[in-house]
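Me: I have a structure open here and would like to talk through a few spots in it. Could you help me go over them one at a time?

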Amino acid sequence: MASASSSSRIRRRRAEEAQRAGRDILLSLPPDMLDNILGRLPFEQLVRTCCLSLAWHRRWESVPNLDIWFSAGSNAAPDARVLWRCAAPVRSFTARVRMPHFYRAARWLLALAHKRVEKLILKFDNPWFSRSAGVLGPALFACRELTHLELCGYCHLPRAPHGFGGFPNHSCRKSGSSGSRWIRSRSRPRFRVDRSRIVEPALDPISGNYVPNLVTLVLNHVAFPFSGGAAQLEHLISSAVDLTELSLNDVKTSHFDDDAVAEICAIRAPKLRVLKLIMFFDNGCRLSEEFPLLEKAVISIDDLFWTPDYIDTFRRIRNVNRLLIETDSIQINENPLEGISWKFQNLRVGHMSANFGKLPSIMSIFSLLRSAPRIEQLHIEVEITKRDDENDEDFANEEIDDPECADAMDEDILKAEIFR
């Protein structure tokens with residue numbers, strides 16, 4: 001009798017919930033409008049709507065184009081099982097990956113590849129010098145709809161599968177066979193992946209080739225810890241023919257052997273508009289062509305001082321509008337920009353650091369002014385150290401005899417800002 005009474009109460013409660021759901025103002029809205037409202041909720045709160053009532057139990061699973069993000073202050077970590085329940089496509093996925101959750105990244109990518117994620121940002125909470133590192137699974141190369149890929153923190157990229165054609169992955173064509181495949185991981189339930197529901201990237205109606213998607217690539221402290229890593233990075237960049245923003249910050253492109261010769265990664269991106277190239281050691285990244293559409297560049301390549309590659313880098317970006325040069329003044333014993341023999345005709349704003357205690361660093365300012373006839377603003381971050389007597393005497397005897405530099409200073413067309 002007790003069990004019958006309990007089941008009766010459950011049925012009565014569900015009937016009341018269904019009746020209340022019938023008067024639910026939100027559920028009475030058009031589906032597209034309700035999707036728009038629900039899509040603006042933080043992902044954690046969106047999933048919790050399943051607890052509102054029986055009618056809301058699975059409503060969140062039908063919201064497309066989700067922006068899934070977990071802030072830096074959030075202690076929660078998305079479960080791959082929840083991602084599998086999201087509607088495709090997923091517009092973006094942003095997560096701070098803490099060290100205890102490194103193992104989750106590969107599982108997220110497996111689900112996100114199936115959900116056709118368009119923007120992927122993973123920030124690994126791990127210092128560059130730590131022995132442990134997050135390892136991204138091969139499912140990353142199955143994310144064929146990516147337009148924005150940003151990987152930050154110390155993580156390892158796996159070797160790309162044979163025949164990988166970039167984003168979109170040209171080699172992952174849908175076979176004629178239908179059906180589904182079971183994917184299972186240890187200690188996790190099995191997920192059934194319906195191949196017939198996988199949407200292929202768009203095709204060019206004229207050439208019949210896949211239309212490239214990737215337009216933004218950001219790699220900060222990312223390692224390719226295998227032979228051929230530089231070639232893989234080169235292919236990843238060159239295959240994205242519409243790439244407009246590229247950031248390579250301290251990328252490792254080979255084995256972790258300090259004595260090994262760096263493999264060359266030739267950077268080709270004719271439509272590039274924003275470039276950030278920072279290396280504290282020579283990782284083999286070289287600009288192999290000019291960038292006619294380049295608007296902004298951040299260059300810090302101290303390890304290439306006194307090599308032809310250092311000056312060639314600036315020659316390749318001669319069309320830039322905004323240029324930021326970061327240098328370590330301790331390494332400067334000669335003017336690093338003295339070899340510039342061309343003009344930055346489009347340069348309007350410059351940022352650079354200078355050590356007013358070292359003459360070569362000071363002269364690099366005039367070298368930039370000499371080569372930028374149309375510059376309007378120059379922002380200088382000053383490092384002040386004590387000059388020795390020899391430098392004082394050399395600086396006192398130095399004369400600025402370049403007419404373009406003199407005109408720039410006399411006519412006051414240059415706005416210089418010094419940040420201390």
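**Working through the model**

Me: Where does Ser364 lie?
Reply: Keeping in mind that this is a predicted model, Ser364 lies in helix α8, which covers residues 359-371.

Me: And is Ser364 buried or exposed?
Reply: Ser364 counts as buried, because its relative accessible area is 3%, and the cut-off for buried is under 20%.

Me: What is Ser364 in contact with, leaving aside neighbours within four places in sequence?
Reply: With those neighbours left aside, Ser364 is in contact with Asn335, Pro336, Leu337 and Met352.

Me: Which unit does α8 help to make?
Reply: Helix α8 makes a right-handed β-α-β unit together with β15 and β16. Those two strands, β15 at residues 349-355 and β16 at residues 377-383, pair in the parallel sense over 7 bridges, and Val349 stands opposite Gln377 in β16.

Me: Changing topic, which residues does Leu83 touch, not counting those up to four places away in sequence?
Reply: Leu83, which lies in helix α4 (residues 80-84), touches Phe43, Ile68, Phe93, Trp108, Ala111, Leu112 and Lys115 on that count. Leu83 and Ala111 are 28 residues apart in sequence, while their C-alpha atoms are 6.1 Å apart in space.

Me: Is Leu83 buried or exposed?
Reply: Leu83 is buried, with a relative accessible area of 2%.

Me: What about the surface, which residues make the nonpolar patch of about 250 Å²?
Reply: That patch is made by Leu26, Met33 and Ile37. Leu26 is found in the loop between α1 (2-22) and α2 (31-38), and at 38% relative accessibility Leu26 counts as partly exposed.

Notes
Residues numbered from 1 in each chain as written. Predicted model: local features only at pLDDT ≥ 70, side-chain atom pairs only at ≥ 80, totals over all residues. Heavy atoms only, no water. Helix = DSSP H or I, 4+ residues; strand = E, 2+ residues; numbered from the N terminus. Buried < 20%, exposed > 50% of the residue type's maximum accessible area, 1.4 Å probe, protein only. Contact = heavy atoms within 4.5 Å. Patch = residues over 30% accessible without salt bridge, like charges linked within 9 Å, V, L, I, M, F, W, Y side chains within 5 Å. Areas by Shrake-Rupley, 256 points an atom, 1.4 Å probe, with all protein chains shown as cover. Salt bridge = Lys/Arg side-chain N within 4 Å of Asp/Glu carboxyl O. Pairing = 2+ DSSP bridges. Right-handed = clockwise from strand over helix to strand, strands pointing away.
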